[in-house]
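Morning, everyone. Let me put the model up, and then we will go through a helix pair and the cavities.

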Amino acid sequence: MGDLAQSAEVLPPEATGLIGRRQEVSQARRLLRQSRLVTLTGTGGIGKTRLALCVGAGVCRSFPDGVRVVDLAQLRDESLIAEAVVEALGIRDVSSRTALAVLQDHLVRMRLLLILDNCEHLLEGCAELVGRLLEVAPGLRILATSRQSLGVIGEALLEVPGLSVPDLDRPLRLRSLARVEAVRLFTERAASVAADFRLTEATARSVAQICRHLEGIPLAIELAAARMRTLPPEELLELLEDRFTLLVDGSEGAMPRHRTLRATIDWSHDLCSSQERLLWSRLSVFSGSFDLEAAEEICSTRGIPRAEVLDLITNLVDKSILLSLGPCTPTRRYRLLETLRQYGQEQLAASGTAETLRERHCVWYKRLAEEIEAESNGPDQQNWLAHVHADLANYRAALDHSLSRPGDARNALAIAADLWAFWLAAGAFTEARRWLDRALVQEAQDSPQRAKALWVLGWFMAEQGDTALALQVLAQARDVADRVGDRMAQAWVTTCTAQAVLFHGDVEGAVGLHNEGMEKHRALHDPMGTSLALIGLAYAASLHGDPRAAGFAEQLLAHSEEIGNPWVHSYGLWIMGQELRRQGRMSEALGLFRESLRFQREFGDRLGTAYCIETLAWGAGDEGDHEQAAQLLGLAQSLWRSVGASVSRYGHILPLHEHYAAQARKALGDAAYLKAFAQGEALPLEAAYTFGEDRAPSAGSPGPVPVDRR
């Protein structure tokens, strides 16, 4: 399945939308040259994130391995910080190593800037991770944003001030006023909501006083400017002055910035309609972003009819309470800024409905996980999986909520298990195992949910090379499935056990079990189970030299076309190509391998690509092109390593790998073999998809070498 890791383009549009801040940008860049950890501190809404993104965009050329942004606002569990960084770096690791170990290994030779945004609620975990990474990765620089310092040795701090504000003790000249940072921001945002707004002699003093009252806090200015759609500047100023006069009780001096922002948010909240205030609080139940359908389902209860949710969301976007993230795949999404989300959570808690909303949130994402599992095997597979990726923070929140409530762990079992296709596509095997382990400990009673969670857990254990443990867990899954009479779970246990047996090196046993699993899935009309059982059956049969292998591969190709799943089709092409290679028909096999690689490239499936390149190496060895075989083995090694895997983990291909490696080494000699292997190992990922495209089989090439597959 596809690799859902983030692409190399990591800086969002906000990186180019900064107003002013020239001095702060210069200071931050200077500190980054002097220190490997720079933390931007300041009150909420002061603009730390936007400043960090601007700095990152400005220094990206100094970091050959790029700039990566990790938004931690949506996380509540410190144990997931390392996983969030793994996601941002685009690492797809299927090993059983911890995320920290994966990061340390990945970053050790890189020159990269990592932006950790919104660290304040995870200070201890962030400090520990940052310290561990900086110890092993000399080319790593970290730019953090937090309301307080991380407390790591060597940390350089830059307190982010408010934007520059007008000096009201001097005459206000329009041209110079328009250059003041706070005024520029207000004017730009006001014009975006009120097309006829202009900074004029008539509006200048009111605008200047508004910006002065708001102390140059960007979020406060944006909230105030959003009201220009319905209020002229002088009325807006009057309302603000009334609010702030009450807060300072007539005392001298300005309020602290956090009180200024709080007062502005309170004021903006009061100006919302009762329904808008209610929706604001309810939307705070989401972690990260959300789409309209989720908002309608979860938030349309007493006081808010479903049909009115869209209009209310539009109103909150117009008031700068809610961000519209624009059209994206698969749907338009929205997000509350973290400061406004926290405010909404306060209102939700005060209303006494927080638990009800969290429960509705959990039920929705549980139902969505069920639907996505049912739909993730068809032609829209990539869209469905992308939908999960966009909502991953919400699934994590739903899992946390279920595991925090006594007796509710069965919901967590269902969510974590139903997301198995996503965990597989994202390479997030370790995270999947963590959620499943936690839920299985809390929910030990026999049920279909427990049976499914056990076979999913066993499958990921096998995929990570823990085959002995996987077989134990799958045996438990079989017992539970038998006791509750769950035929679907029984079929999946058979297929997963076949995979574990295959990885353990028992190819003949895997053929029998995969065949049994395929028949069970077909009887239950389970297309995904049938797909995976057929993949395993055709592959194991080909490795075993079973004469039925080509027929199984043909069935797999026909099945993939019937269900419209290109990922399954890519494996059918690869296995059919392997069978043709085994028969000595390398010219035909090459065409299928290339077509399979085209699909693998589209899906970003590095594990599947590694299998395909490994098989191409065997084909080159069959043809007597031992130099290319060595290069392809080196490239395959690089691919295995890029996903945290190795040939030694897969007992079903290890004998063939060792045979062709030894054959090439003998033909070339140690020095030439190692040179060719190193050349292949050093090739970029893109080479995997183009290697051998212009290569024609040599005339008179030998047929396949018999290999003892016992």
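**A helix pair and two cavities**

H3 crosses H4 left-handed, meaning that the near helix is turned anticlockwise from the far one by less than a right angle. This is a predicted model, where local features need pLDDT of at least 70, side-chain atom pairs count only at pLDDT 80 or more, and totals for chains, interfaces and linings use all residues. Residues are numbered from 1 along each chain, and side-chain values use heavy atoms, without hydrogens or water.

H3 covers residues 81–88 and H4 residues 99–107; helices here are DSSP runs (H or I, at least four residues). Their axes, lines fitted to C-alpha atoms over the stretch in contact, are 8 Å apart at an angle of about 40°. The pair is therefore oblique, being outside the ranges under 35, over 145 and 65 to 115 degrees.

Who touches whom? From H3, Ala82, Glu83, Val85 and Val86; from H4, Ala99, Leu100 and Leu103. Contact means heavy atoms within 4.5 Å.

Now the cavities. The whole structure has three of 30 Å³ or more. A cavity is a set of points on a 1 Å grid where a 1.4 Å probe fits but cannot get out, and lining residues have an atom within 4 Å of a point. Volume is the space filled by probe spheres set on the points.

The largest is about 380 Å³. It has 25 lining residues, with Glu463, Gln499, Ile535, Trp567 and Tyr571 nearest its centre. H24 gives the largest share, six residues.

The second largest is about 300 Å³. Closest to its centre, among its 24 lining residues, are Glu83, Val86, Ala426, Gly427 and Ala428. H3 and H4 are among the elements giving two or more residues to that lining.

Technical notes: Axes are lines fitted to C-alpha atoms, for helices over the stretch in contact, and angles run from 0 to 180 degrees between N-to-C directions. On a 1 Å grid over the protein atoms alone, a cavity is a set of points where a 1.4 Å probe fits but cannot get out, and a pocket is an open set with protein on both sides within 12 Å along at least five of seven lines; lining residues have an atom within 4 Å of a point.
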